[in-house]
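Morning, everyone. I have one structure to go through today, and I will keep to its charged pairs and its core. Here it is on the screen.

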Amino acid sequence: MKTRIIQALIFAFAMTMVHESLFAQTGDGDWKKLYDEAESHYDAGRYESGIPVANAALALAETNTGPDSQDVARSLNILGMLYYGLGKYAETATYLEKSLAIDEKILGSNNPDLVPALIELGNFYRRHGKY
C-alpha cells in the first residue's frame, strides 16, 4: 500500500510541474495523446504495455521540442514510473534522474519547484539502499 502511495505522490508531483501552455510545443498534440495513453497504462497497472507508448512519446518529444524540454522530462518521468511498477529499479532511477536533470536545466538548480522531486528521488534512493 505504501508503495502505491509513494508512486502516486511521485507521479502527482511530476504532473504539477508542467503548465498546460507547454502542451502547445508539439503542434498537433500527438505527443500529448501518446503521453496520456502511457499515463493510462500506468494508472491501470499495465506497466509493460505502457513502456512502448512512453518510448514513442519520448521520441516524438525529442524530435518536436529538442532534448531539453518539459515534454521530454515528462516522458522520461512516466517511463521511470512504468519501470518502477515493474520493479526495475535501476531503470527507474535512470529515467527519474534524467527527468530531474532536464527540469533543473530548465528551471535552475535552486528553483523551489524542484524540492518535491528531489525529496522523492532521495526517498527512492533511501528505500533501495542507494544513499
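Let me start with a question: does Lys105 count as buried or exposed? Lys105 counts as exposed, at 59% relative accessibility. Please keep in mind that this is a predicted model.

Lys105 has a charged partner. Asp68 forms a salt bridge with Lys105, and their closest N and O atoms are 2.7 Å apart. Asp68 sits in the loop between α3 (47-65) and α4 (70-85), while Lys105 belongs to helix α5 (residues 89-107), so this pair ties together parts of the chain that are 37 residues apart in sequence. Between the C-alpha atoms of Asp68 and Lys105 the separation is 7.6 Å.

How accessible is Asp68 itself? Asp68 has 37% relative accessibility and counts as partly exposed. The cut-off for exposed is over 50%, and that is why Lys105, at 59%, falls on the exposed side, whereas Asp68 does not, at 37%.

Now the surroundings of Asp68. Leaving out residues up to four places away in sequence, Asp68 touches Ile102, Lys105 and Ile106. With Lys105 there is also a polar contact, side chain to side chain, at 2.7 Å.

How many salt bridges does a search of the whole structure find? The search finds two. We have seen Asp68 with Lys105; the other pair is Lys32 and Asp36, where the closest N and O atoms are 2.8 Å apart.

This second pair is set up in another way. Lys32 and Asp36 are both in helix α2 (residues 30-43), and because they are four residues apart there, about one helical turn separates them. As for accessibility, Lys32 is partly exposed, with a relative accessible area of 26%. Asp36 is also in the partly exposed class, at 28%.

On to the nonpolar side. The largest nonpolar core has 30 residues. Which residues have the most contacts inside this core? They are Ile78, Leu79 and Leu82. At least two residues of the core are supplied by each of α2, α3, α4, α5 and α6 (115-127). The largest share comes from α4, with nine residues.

To sum up: one salt bridge is between two residues of helix α2, Lys32 and Asp36. The other runs from Asp68, in the loop between α3 and α4, to Lys105 in helix α5. Helices α2 and α5 also supply residues to the largest nonpolar core. That is all I have; questions, please.

Methods
Residues are numbered from 1 along each chain as its sequence is written. This is a predicted model: local features need pLDDT of at least 70, side-chain atom pairs count only at pLDDT 80 or more; totals for chains, interfaces and linings use all residues. Side-chain values use heavy atoms; hydrogens and water are left out. A salt bridge is a side-chain nitrogen of Lys or Arg within 4 Å of a carboxyl oxygen of Asp or Glu. Buried means under 20% relative accessible area, exposed over 50%, partly exposed in between (1.4 Å probe, protein chains only). Contact means heavy atoms within 4.5 Å. A polar contact is a pair of N or O atoms within 3.5 Å; within protein, one must be able to donate a hydrogen and the other to accept it, and residues adjacent in sequence count only if both atoms are side-chain atoms. A nonpolar core is a set of buried Ala, Val, Leu, Ile, Met, Phe, Trp, Tyr and Cys residues joined through side-chain atoms within 4.5 Å.
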